[in-house]
Amino acid sequence: MHLPAGMPFATRFNEINFENLIANATLGSVQAIAQLATLASDHACLPTQYERMIKVAYLLLDAMRIPHGEDPSVDDVEAQCAALTFIGSTFFIWISDDKMASGLIADLLSHWGDIRRWILYIYDEFIQAESFVINTRRDCKTAVVTFLALTRDRMLSGWSKKVVADTKIMPLIFALWNLETTDARFSSHTGQFNAYRESVVLNSCFLISHETKSPIDWDKALLPFDGRPDIASRIALMHLSQEMARQYLDPECIAWDVHIVTALSFRDDMRGALLNLGAIVKITHVIHLIVGRSFDRAHLTYAARCISNASLFLRIRMQENDGNPWMSEAIRSDLIKGLLKSERYIPFMDNDKARDALSDILHMIIPAYTVYRSLLLPIAKAVDEIINLGLDKQLDKRGKLYEGWVCLQETTERRKLLNYDGPEKVHVQTCHNDNVCRIVYIFGATLTHNQCRKTVSTGTLKRCGGCLHTYYCSKSCQRYDWRRGKHKAYCTRVQERSAWSRERPTVLVQDPH
């Protein structure tokens with residue numbers, strides 16, 4: 001029986017026999033379970049009524065009902081898929097009720113073992129089984145994903161930790177994500193109900209893992225990719241590309257995908273794969289894609305999150321790697337122009353760390369690479385183009401983005417003046433203490449303070465004795481960059497990866513060249 005649209009809840013309840021609905025749902029009626037989900041989502045539903053509904057769902061998901069020793073049939077799982085969908089689509093509503101939350105969460109934890117066994121059974125026997133029609137397989141997948149999307153609710157972090165640590169459920173989540181990406185028949189994109197997407201579940205699991213320090217068993221998690229990090233990395237970029245190619249952009253989904261790429265890039269074996277597969281260019285294109293579109297107010301926060309997530313990825317990856325090739329890719333993809341056009345989204349970003357990521361790239365990361373002639377030329381060209389277009393004139397002169405732009409422009413202009421081309425000229429090096437430009441506003445005046453820009457003939461500077469990558473003109477510059485700059489994090493990581501390096505860079509050694 002379908003519920004008449006627009007009819008008040010009490011009227012509908014009077015016209016339907018609630019006890020009959022409960023009885024029919026208990027017998028496995030998919031239609032009755034769907035009607036209960038509709039009633040449970042209505043603000044006038046009573047707590048005692050929802051408690052009875054959820055008990056029916058748990059009854060249907062009792063592991064004792066899993067068939068054994070017989071050929072699987074659609075009839076075996078229809079009611080269970082409906083029950084998973086019921087819980088996934090209504091549970092988050094009711095745990096917001098302080099009086100019900102603790103009891104509902106305790107019940108979910110106590111029934112998780114049975115639900116887990118049903119999810120694994122449905123995946124193994126139906127979603128993967130090509131003997132079933134695609135609609136059945138897709139409906140089963142949707143039910144599983146709808147339930148697992150509860151991981152996004154922070155009130156369920158205790159249960160979500162169990163999901164993250166589960167050596168069978170996490171590979172299943174990766175497998176569903178892989179399936180949606182590589183087989184269009186399983187796409188969960190509908191243009192609505194974005195909360196029930198594989199990327200939501202995976203993104204939530206990464207957040208839970210990070211926030212609760214719950215480790216993921218990556219040996220098991222990578223099984224759907226034959227244990228190969230490079231395949232998982234390719235799938236991550238493929239999924240992002242698919243979201244970026246949609247006619248009607250959904251910035252929320254794009255933000256999730258960028259965060260997934262960022263999370264994967266913290267693994268050494270995936271970071272290299274992602275970079276080699278063009279992650280820098282792809283993430284830079286995300287920024288251009290967002291600044292080139294208009295979004296209504298409801299989507300502005302998600303659009304801003306796309307840019308901040310992209311900027312955080314670029315800042316981390318280009319700062320932590322000895323990455324001339326990656327910086328070259330970013331500059332040729334018009335990263336600087338994209339960052340400057342992003343200023344209007346800064347007020348909608350989630351926190352100061354997200355807002356500062358854009359200015360940090362302009363202020364610290366890109367200027368550090370101007371010491372390389374191969375990068376100075378394209379950076380200078382990009383700076384000149386921005387000036388010719390007048391994009392810098394559109395920046396808020398009181399903002400950090402403008403501060404970063406001025407630092408980049410001044411650094412580039414000064415290093416452009418160092419012309420050492422020609423066989424009779426010597427090569428040059430620049431002190432790597434690149435926390436060089438500080439813009440201070442004092443009574444309306446703009447003062448620029450330079451820490452160090454010393455550029456001298458090659459062989460004059462001294463090299464850091466820890467990483468052997470970075471050069472300084474003096475111990476004071478090295479100390480400054482170690483304590484207040486970016487070198488401590490970089491140098492520590494280099495030494496950790498090099499068995500032959502010393503424990504800490506405490507000395508400078510003369511450049512052997």
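1. In this predicted model, a useful place to begin is Phe147, which touches Leu84, Ile87, Gly88, Leu108, Trp112, Ile115, Ile119 and Trp159, when residues up to four places away in sequence are not counted.

2. Phe147 also belongs to the largest nonpolar core, a set of 146 residues in which Phe86, Phe91 and Phe147 are the residues with the most contacts inside the core. Helix H6, which covers residues 98–127, gives the most to this core, with 14 residues. Another core lies apart from that one and has eight residues, among them Cys431, Cys464, Cys467 and Tyr490. As background, nonpolar side chains tend to be buried together in soluble globular proteins.

3. A student may next look at a pair of helices. Helix H9 (residues 169–182) packs against helix H12 (residues 229–244) at an angle of about 50°, and their axes are 10 Å apart. Because angles from 35 to 65 degrees fall outside the parallel and perpendicular ranges, H9 is oblique to H12. The crossing of the two helices, H9 and H12, is left-handed.

4. On the H9 side, the contact is made by Trp177, Asn178, Glu180, Thr181 and Thr182, while H12 contributes Ala232, Ile235, Ala236, Met238, His239 and Gln242. By type, the residues of this contact between H9 and H12 divide into five nonpolar, five polar and one charged.

5. Finally, Asp217 is found in the loop between helix H10 (198–212) and helix H11 (218–221). Asp217 is partly exposed, because its relative accessible area is 31%, a value between the 20% and 50% cut-offs. Although Asp217 and Thr167 are 50 residues apart along the chain, their C-alpha atoms are separated by 6.5 Å.

How values were computed: Residues are numbered from 1 along each chain as its sequence is written. This is a predicted model: local features need pLDDT of at least 70, side-chain atom pairs count only at pLDDT 80 or more; totals for chains, interfaces and linings use all residues. Side-chain values use heavy atoms; hydrogens and water are left out. Helices (H or I, at least four residues) and strands (E, at least two) are DSSP runs, numbered from the N terminus. Buried means under 20% relative accessible area, exposed over 50%, partly exposed in between (1.4 Å probe, protein chains only). A nonpolar core is a set of buried Ala, Val, Leu, Ile, Met, Phe, Trp, Tyr and Cys residues joined through side-chain atoms within 4.5 Å. Contact means heavy atoms within 4.5 Å. Axes are lines fitted to C-alpha atoms, for helices over the stretch in contact, and angles run from 0 to 180 degrees between N-to-C directions. Angles under 35 degrees count as roughly parallel, over 145 as roughly antiparallel, 65 to 115 as roughly perpendicular and the rest as oblique. A crossing is left-handed if the near helix is turned anticlockwise from the far one by less than a right angle, and right-handed if clockwise. Ala, Val, Leu, Ile, Met, Phe, Trp, Tyr, Cys and Pro count as nonpolar, Asp, Glu, Lys and Arg as charged, and the others, Gly among them, as polar.
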